[in-house]
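Visitor: I'm new here, and I'd like to know how the labels get handed out. Could you walk me through it?
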Amino acid sequence: MTDHLHLSGVSHGYGDRELLNAVDLAIHHGEHVAIVGENGAGKSTMLRLLAGVETPDDGTAGLSGNPGYRVGYLAQTHGFSESLTVGDAIDTSLASLRSLEARIAELESGLADADSEDLELYGSLQTEYQLREGYAAESRVEAALDKLGLGGLDRRRTLGSLSGGEQERVALACLLADPAEALLLDEPTNHLDANGTAWLESRLAAHRGTVVVVSHDRVLLRKVATTIIEVDADRRAVNRYGNGYEGYLREKAAERARWIQEYDQWLDAMAAERHQAATVADGMGYGRKRDNDKMAFGFKTGTWQSAAASKVRNAQERLRRLEDNPVERPPVPLKLSAPSRVAAVAEAAAVAEVASAPALEANGVSVPGRLQPADVRVGAGQKVLITGPNGAGKSTLLSILAGTLEPTTGTVTANGKVGYLQQELEVPARPGLRLLPAFAAGLGGNIDAHAEGLLRLGLFRPAEFHVPVGGLSAGQQRRLALARILLGGYDTMIVDEPTNHLAPVLVEQLEAALASFEGTVVIVSHDRALGEWFDRSASDHARTVPGAWMRYRMQAGEML
């Protein structure tokens, strides 16, 4: 039997929220798989089910095939006790290998008197030890710790004395010290720097067994995954895509094209049946020339009327069936609504005057312990990316620029309407408020128009418009905040970690929307793929509009 991980008829959820419904999935030995989807869709849950650390509500999950097939699992939070030392954690991860070493040594001591059965066992254990590269286990641990930024770490230190990120890196090093045939990893790059991430990508890509990784890191997806499994939160289902991440994007684009074609065909069929029902009677003889045979004409007229009525009924029945089985309208590509100030400038014929004024300007703004005094000037229409390590003050600066945080010193000036997408999701002030009214709150205008706009974005289905916002997943809440930003008519967009919680395809669309936005954009992000996209865009614009795209780095509360 082929070794593989599987979900068979799996339904699973928490409380009254079902995440997976009757899901079937098989991941065969040697596949390198990435599980993608928005936050809250059930990706981590699916990984735990595959790892066997959680039991599904219905169906079966886990490993099929060789019972000796090993599965290594790395959760987002490690499972070690914080009272363990680093050395204890390493010893625990190598316990199986150490037991194998001891058994081999025991058999070696009696080889002189060994029978054929013992010799065969000794040979098989030696083969297993060599395949697992047992002789190199200690060197692998040291190399892993070094590559993950923990070189020279005292193994006598307790895990509790390390930072959360250091603990997770120790757990990752332990997992890779004696890698199992199947490696299941949940967001493994969360606490890694660029060097550590590059090393991990190389290790996973070279792994000869199975790799299943949950990640939002699109660079890792491109380098490691040959298969993409997308968790569809709305339908509580999973979809498989081959040919790596690029193949996944191509197939998603093809799905969208097929959807548009199917929708257009449905509209055409509806229009054709309506036209048939409205015109068939005229086409069946009412306008025909009367001949001299009155009796024959009356008979023919009755026959024509009966036939026409039958055709009308048939057309109406086909129309009813089409209406009973509608094709949902495909969403339009994400696009930021035109800045209000751009329209005003055009009307006033004062483009040059407005363009000379900055969209945002901060002078000497600071917050003790979070942000050193900083001067920032962002020109109208400029695209700015700010990067830097955690704790550098990036989010603090954005909150000041957006006007949601008052600086201790300094002043901020904003010209035009400013929209702000925060990094952390706010707890809904009114959790019982339905999604559509929550979206429309403060935007003015007609609720039906807002429903139409939200529907066209394709971020939510009509059935979700009445869901209380307190019951939305993290991904759905992020989509709601994004929708308000997209349709808000802002002159300046300030977005903090815009790719957080979103599925990869939606992130790709958001990048395109930001690039085509006529107004000003200020972005803070750790997303490597977004950084690569920004650098490509900056290079493309460098010759025609120098300085239109600018990247800055913050370090220790200072803008560099």
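Guide: Let's begin with Arg218, which is buried, with a relative accessible area of 2%. Before going on, a word on the source: this is a predicted model, where local features need pLDDT of at least 70 and side-chain atom pairs count only at pLDDT 80 or more, while totals for chains, interfaces and linings use all residues. Residues are numbered from 1 along each chain as its sequence is written, and side-chain values use heavy atoms, with hydrogens and water left out.

Visitor: Why is Arg218 called buried?

Guide: Buried means under 20% relative accessible area, exposed over 50%, and partly exposed in between, using a 1.4 Å probe and protein chains only. Arg218 has 2%, so it counts as buried. Glu511 is at 5%, so it is buried too.

Visitor: What makes Arg218 and Glu511 a salt bridge?

Guide: The rule asks for a side-chain nitrogen of Lys or Arg within 4 Å of a carboxyl oxygen of Asp or Glu. In Arg218 and Glu511 the closest N and O atoms are 2.7 Å apart, so the pair fits the rule. Arg218 lies in helix 8 and Glu511 in helix 17, so the pair ties together parts that are 293 residues apart in sequence. Helices here are DSSP runs of H or I with at least four residues, strands are runs of E with at least two, and both are numbered from the N terminus.

Visitor: How do you know that Arg479 and Asp234 form a salt bridge?

Guide: Their closest N and O atoms are 3.7 Å apart, so they pass that rule as well. The two are 245 residues apart, with Arg479 in helix 16 and Asp234 in the loop between strand 8 and strand 9. Arg479, at 5%, counts as buried, whereas Asp234, at 22%, counts as partly exposed.

Visitor: What about Lys252 and Glu255?

Guide: They form a salt bridge with closest N and O atoms 3.6 Å apart. Both lie in helix 9, three residues apart, about one turn of the helix. Glu255 is at 28%, so it is partly exposed.

Visitor: How many salt bridges does the rule give?

Guide: The count comes to 31.

Visitor: What makes strand 3 and strand 7 a pair?

Guide: Two strands pair if DSSP finds at least two bridges between them. Strand 3 and strand 7 have four, in the parallel sense, so they qualify. One of the residues involved, His32, stands opposite Val211 in strand 7. Strand 6 also pairs with strand 7 in the parallel sense, over five bridges.
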